[in-house]
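Me: I would like a close look at a single part of this structure: its strands. Please take me through them slowly, and then through what lies around them.

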Amino acid sequence: MKVLRVNGSPNKNGCTFTALSEVAAQLEKDGVGAEILHLGKQPINDCADCGFCFKNGKCVFGDIVNETAARLGEFDGFVFGAPVYYAGPSARLLAFMDRLFYSAGGKLAYKPAAAVVSCRRGGSTASFDRINKYFTINNMPVVSSQYWNQVHGNTPEEVLKDEEGMQTMRRLGRNMAWLLKCIGCGRSNGINVPDAETVVRTNFIR
């Protein structure tokens, strides 16, 4: 079993990475592998709503989104992390998730996921809520912890001093490992993902 942690911060070893590293340490302690994906500082296109992915099975922009989509089968769970900018997750992570979920959502469905946010002071719960909406629209079990998955601090050193935040990250890792093992046990005993109805799409005028 392996979990992909996505670092949506432009800072490779910053506060978000510090939180995700605490999750990884607990996952590995519980026998689950953890890989990190840094989105880095390069621009990431937002979704152009062009329909290319429906016809071709991948996004029209050949970048980190398509590279990640091609590897989704390697992972059993996901943690998406972001710094908080103006009470919301980084636009970098949102552009990545918009395109990944739109073009390859079927490869993510029924795999546990969690959001992690890092902030100086405020905006954490709004950011946390924003990321979680991707999971709840895509049939993904949401992994919780003992508190909202957030850490506080201006620097990685300060984040490490956030004792409750670090404990929340460890508990998140433990809960993710537990759920993955439960799903694996169910699968080995013939319990598969539920059958889906044909999706009905309406709007507010019909």
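Reply: Two strands are said to pair if DSSP finds at least two bridges between them. Keep in mind that this is a predicted model.

Start with strand β1, residues 2–7. Six bridges join β1 to strand β2, residues 33–38, and the two run parallel. One of the residues that can be matched across this pair is Asn7 in β1, whose bridge partner in β2 is His38. Strand β1 is largely enclosed by the rest of the structure, because five of its six residues are buried.

Arg5 lies in this strand. Is Arg5 buried or exposed? A residue counts as buried when its relative accessible area is under 20%. Arg5 has 6%, so it is buried. Leaving out residues up to four places away in sequence, Arg5 touches Leu20, Ser21, Ala24, Ala34, Glu35, Ile36, Leu37 and Val79. The side chain of Arg5 also reaches the backbone oxygen of Leu20, at 3.1 Å. By contrast, Asn203 is 198 residues from Arg5 in sequence and 34 Å from it in space, counted from C-alpha to C-alpha.

Leu20 leads to helix α1, residues 15–29. Among the buried residues of α1 are Leu20 and Ala24, along with Cys15, Thr16 and Val23. The length of α1 can be checked with simple arithmetic. At 1.5 Å a residue, its 15 residues should span 21 Å, and its end C-alpha atoms are 22 Å apart, so the two values agree. After α1 comes Gly31, which has a positive phi near 85°.

Now move to strand β5, residues 113–119, where seven of the seven residues are buried. In a regular strand, side chains alternate between the two faces of the sheet. In β5, Ala113, Ala115, Val117 and Cys119 point one way, while Ala114, Val116 and Ser118 point the other way. Residues of both sets are buried.

Which strands does β5 pair with? One is β3, residues 77–85, which pairs with β5 in the parallel sense over six bridges. Here Gly81 stands opposite Val116 of β5. The other is β6, residues 150–152, which is joined to β5 by three bridges and also runs parallel to it. Here Val117 stands opposite Gln150 of β6.

Gln150 is worth a closer look, as it has a place in β6. Its relative accessibility is 8%, so Gln150 counts as buried. The contacts of Gln150, apart from residues up to four places away in sequence, are Val117, Ser124, Thr125, Asp162, Gly165 and Met169. Within its own strand, the side chain of Gln150 makes a polar contact of 3.4 Å with the side chain of His152.

Two of those contacts, Gly165 and Met169, are among the buried residues of helix α7. This helix covers residues 163–188. Its 26 residues reach 38 Å from the first C-alpha to the last, close to the 38 Å expected at 1.5 Å a residue. Other buried residues of α7 include Met166, Leu172, Asn175, Leu179 and Gly186. What do the buried residues of α7 pack against? They pack against strands β1, β3, β5 and β6, and against helices α1 and α6. The helix is followed by Gly190, whose phi is positive, near 85°.

One further region completes the tour: the largest pocket, which holds about 570 Å³ of space. It is lined by 19 residues, and those nearest its centre are Phe101, Gly105, Ile137, Asn138 and Arg201. Helices α4 (91–108) and α5 (124–136) each supply at least two lining residues. The most come from α4, which gives six.

Ser103 also has its place in α4. At 16% relative accessibility, Ser103 counts as buried. A polar atom of its side chain lies 2.7 Å from the backbone oxygen of Arg99. Beyond its neighbours within four places in sequence, Ser103 is in contact with Cys53, Cys59 and Val65.

Technical notes. Residues are numbered from 1 along each chain as its sequence is written. This is a predicted model: local features need pLDDT of at least 70, side-chain atom pairs count only at pLDDT 80 or more; totals for chains, interfaces and linings use all residues. Side-chain values use heavy atoms; hydrogens and water are left out. Buried means under 20% relative accessible area, exposed over 50%, partly exposed in between (1.4 Å probe, protein chains only). Helices (H or I, at least four residues) and strands (E, at least two) are DSSP runs, numbered from the N terminus. Contact means heavy atoms within 4.5 Å. A polar contact is a pair of N or O atoms within 3.5 Å; within protein, one must be able to donate a hydrogen and the other to accept it, and residues adjacent in sequence count only if both atoms are side-chain atoms. The expected span of a helix is 1.5 Å times one less than its number of residues. On a 1 Å grid over the protein atoms alone, a cavity is a set of points where a 1.4 Å probe fits but cannot get out, and a pocket is an open set with protein on both sides within 12 Å along at least five of seven lines; lining residues have an atom within 4 Å of a point. Grid points are joined across faces, edges and corners, and a volume is the space filled by probe spheres set on the points.
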